[in-house]
Amino acid sequence: MSTFFDPHQRATIAAAMARIIPTTGTPGATEAGAIDFLDGYLGGIDRIYAKPDGSGFETLSGRRADAWRRRIDSLRTTYVEGIVDLDQRSREAHGVPFVELDEPQQDAMLAAIERPGEEQKLNTAQAVMGFAPVEPALQQVGAEISLSFFALLALHTRQGFYADPIYGGNRGQVGWQTIGFPGPSSLAEVHTGRYTVIDYFADGTHEQEMDISRARDQA
Amino acid sequence: MPATKPERTDVCIIGAGASGAAAAKVLTERGFRVVALERGPWRTKETFGGDELANVNRYNLWPDPLLNPRTYRQSADEDAVVDLFCPVPQMVGGGTVHWQGWLPRFAPEDFRLHSVVGDLPGTSLVDWPISYDDLEPYYTQVEWAFGVSGLAGGNAFEGPRSKGYPCPPLPLSRYAQKFHQGARRLGWNAFPTPQAALSQPYNGRPATVISAFAQQHGDPTGTRSSALNVFVPDALATGRYGLRPESYVRELAVDASGRITAAVYQNEAGETFEQEADVFILACGAVESARLLLLSTSARFPNGLANGSDMVGRNVTFHEYSSAIGLFDDPVHGWAGGGYVSASSMQFYNHDDSRGFASGGHIASAGVGIPLPINWGLPDRPLWGPDAKAMDEQFFNHSMAVSIVVHDMPQHDNRVELDEEVVDAWDVPVARITLATHENDLAMGRFLIDRGADILAAAGARKTYKVYPERVTGNCSHQHGTARMGDDPEVSVLNKWCRAHEVRNLFVVDGSPFPTGTGANPTLTIMANAWRVAEYIADTHGQKGN
């Protein structure tokens, strides 16, 4: 697997991820390996889509591959520039790079690069539509490459915490366990139709909950 | 290099999604040879899986905005910005591949809304040239082809039906149960959302697996009902369906009399073909069908095919999806079943003068957002930090939405055109959307969101949120109106059989013909109407010379 970050970049992003989804009484981004998820994603276009049976990754070709190369290039630039900016701010404030700050200092530094308006729109849109297929409130070409550094980092930390473990994060399904999501043991379990969550439905039927006589009256 | 001409066929259908595949099934079963030109890939169920990251966040099935952009502006005096406005998967099966298939019927009133409401300033509200009764037999045909799971008589506001549903309702999700409980306490009618899934084995297909990966995921088991799983196999079984994926139609060529002679398309390798046929059916979705008509200019049609009236692309409507959200003490598991094995209400669907706005919309229970771990969220959840994590832990299993479909009003100046600057990855001008939101749309949105919050509160939610739509953003993948059907060629593109007034061998069967968008999920009606038109074509074009 190819990766992208140099050791300093990797340490910086890993430290920031540990503040975005911190280790509390339950595991956080560090235990989930969110940095491995992101470093692998930015490493090229060979880990974009897992094969649906979990046996590896799709090989992209043609226009689709071109689009993903452009997207990954754009994301790499955002990260490289974002890390430089974060270090510069940290040096100006405390005389050391971000990774050497203590946790409250790191939190303050991350808060300083947040764009609350953008993030509020993201939250609201996510609550209605998820992040897909686009972030309509931002009127951009696509959620991911149009995001600022911090919003992107927060999104990728979330993905590295909650995406299927085949992508390198959510190690041992710790992300799913912290929120009580009974995900499949593997992509293969879904692919073969063995994965069912019918146990999380209600007992009883629609008819038992409905007032059928009222339906007839109103009709 | 000259274009290759494949063998001439009876009918050429552009698009193999919901409407194109429905028309193909009907026509091939009536004995016609059909060639379908689909710009996207032909994927099989083996290529689908339970991968939230790929399917929801990485355009595995959605169009990639870097390849298929659109542009958008709110009025003609603004510069358009690049925006993937109202995307729909471009592939064999189209949007039905990744949907969860809410399939309500439109109400009888939808077909005569201008008569019901009267003139509404700023809108181009009209009656349809067909009635609910004209469509009813085809609703039944589609419901029985798909094996729709539902409860006949459950929706107190539904029109008369000639037949019940082929399958009983799907199992009861906890979020549907909450919806029923809230509606019942308020005295409002609620019913199981009719759904394109099988509650029991049907037509040789096993019952649908209740997975967490459904909405926005293709179905690896093939047990949900879609154009890909139902209509395409039916058409192929006749031996008369030539389905060509990765075939991008760039133009419909016409002769001096204004009749279409061929669909000009490119395959994946960039080779050009001219497919000749007696009849051409557009089924690309309302945005892309309008785009193709506008791309097809000629001496006979300098402003685009069938566009002498300047009506192609106008009156476009998209719906808007939004939610009231509730938090509950007991778990509701909004992700179970994919978040859309739901209960619905049409209590606020039909027009009521006392509400102060025209028409209304469908409301239904759902998960929050795309209710899976990455894409779940709450409006006041911080983006990061211990509080954000704590909210994930506390509310992921304890939150649900009541979601609404806003019936956005048609407006003459809301339209699809060709962008003058932006091209797609095939160097073809993209669709430019110009769309103002009418005050009626916003008033309806506020009203329906408030009713959703009422249901959540009545069901015992300890906290509710209201996300009022601020404008129509194209977030539904629903598209209508760009080639209105009507009796007057001055103000409509198609007649009531969805045949172009100006081009005798051209039909359009996606959402383009719909004069109004209605307040309900449109795909059942799109498929029923395509079925109706295909039967008409078979009835009339069986006689040569028509």
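Two strands count as paired when DSSP finds at least two bridges between them. The exercises below concern a predicted model, which scores ipTM 0.95 and pTM 0.96.

**Exercise 1.** Describe the sheet of chain B that contains β14 and β15, and place helix α7 of chain B against this sheet.

*Solution.* Begin with the strand order, which is β4-β3-β15-β14 in chain B, an open sheet of four strands with mixed pairing. Next, identify the edges: β4 (81–82) and β14 (415–423) of chain B each pair on one side only. Then take the pair β14(B) and β15 (residues 429–434) of chain B, which is antiparallel and held to five bridges; within this pair, Leu418(B) has Ala431(B) in β15(B) as its bridge partner. Finally, add helix α7 (residues 286–295) of chain B, which packs on the sheet by touching β14 and β15 of chain B, its direction making about 70 degrees with that of β14(B).

**Exercise 2.** Trace the connections from β7 through β8 of chain B and on to β9 of chain B, and state which residue in each turn has a positive phi.

*Solution.* Start with β7 (residues 248–254) and β8 (residues 260–266) of chain B, antiparallel strands joined by six bridges, where Leu252(B) is matched with Ala263(B) in β8(B). These two strands form a hairpin with five residues between them, and in the turn Gly258(B) has a positive phi of about 90 degrees. Continue from β8(B) to β9 (residues 272–282) of chain B, again an antiparallel arrangement, here with five bridges, in which Gln266(B) has Thr272(B) of β9(B) as its bridge partner. β8(B) and β9(B) likewise form a hairpin with five residues between them, and the turn residue with a positive phi of about 90 degrees is Gly270(B).

**Exercise 3.** Characterise the side of chain A that touches chain B, by helices and by residue class.

*Solution.* First, establish the extent of the contact: 66 residues of chain A are in contact with 83 residues of chain B, taking contact as C-beta atoms within 7 Å. Second, look for the helices that each supply at least two residues to this side of chain A, including α4 (62–94), α6 (116–129) and α7 (149–162) of chain A; α6(A) gives the most, with eight residues. Third, sort the residues on this side of chain A by class, which yields 37 nonpolar, 19 polar and ten charged residues.

**Exercise 4.** How confident is the prediction for chain B, in terms of pLDDT?

*Solution.* Chain B averages a pLDDT of 96, and 99% of the residues score at least 70. Where pLDDT is low, the predicted coordinates should not be read in detail.

Notes: Residues are numbered from 1 along each chain as its sequence is written. Chains are lettered from A and ligands numbered from 1 in the order in which they are written. This is a predicted model: local features need pLDDT of at least 70, side-chain atom pairs count only at pLDDT 80 or more; totals for chains, interfaces and linings use all residues. Two residues are in contact if their C-beta atoms, placed from the backbone, lie within 7 Å. Ala, Val, Leu, Ile, Met, Phe, Trp, Tyr, Cys and Pro count as nonpolar, Asp, Glu, Lys and Arg as charged, and the others, Gly among them, as polar. Axes are lines fitted to C-alpha atoms, for helices over the stretch in contact, and angles run from 0 to 180 degrees between N-to-C directions. pLDDT is the predictor's confidence in each residue, from 0 to 100.
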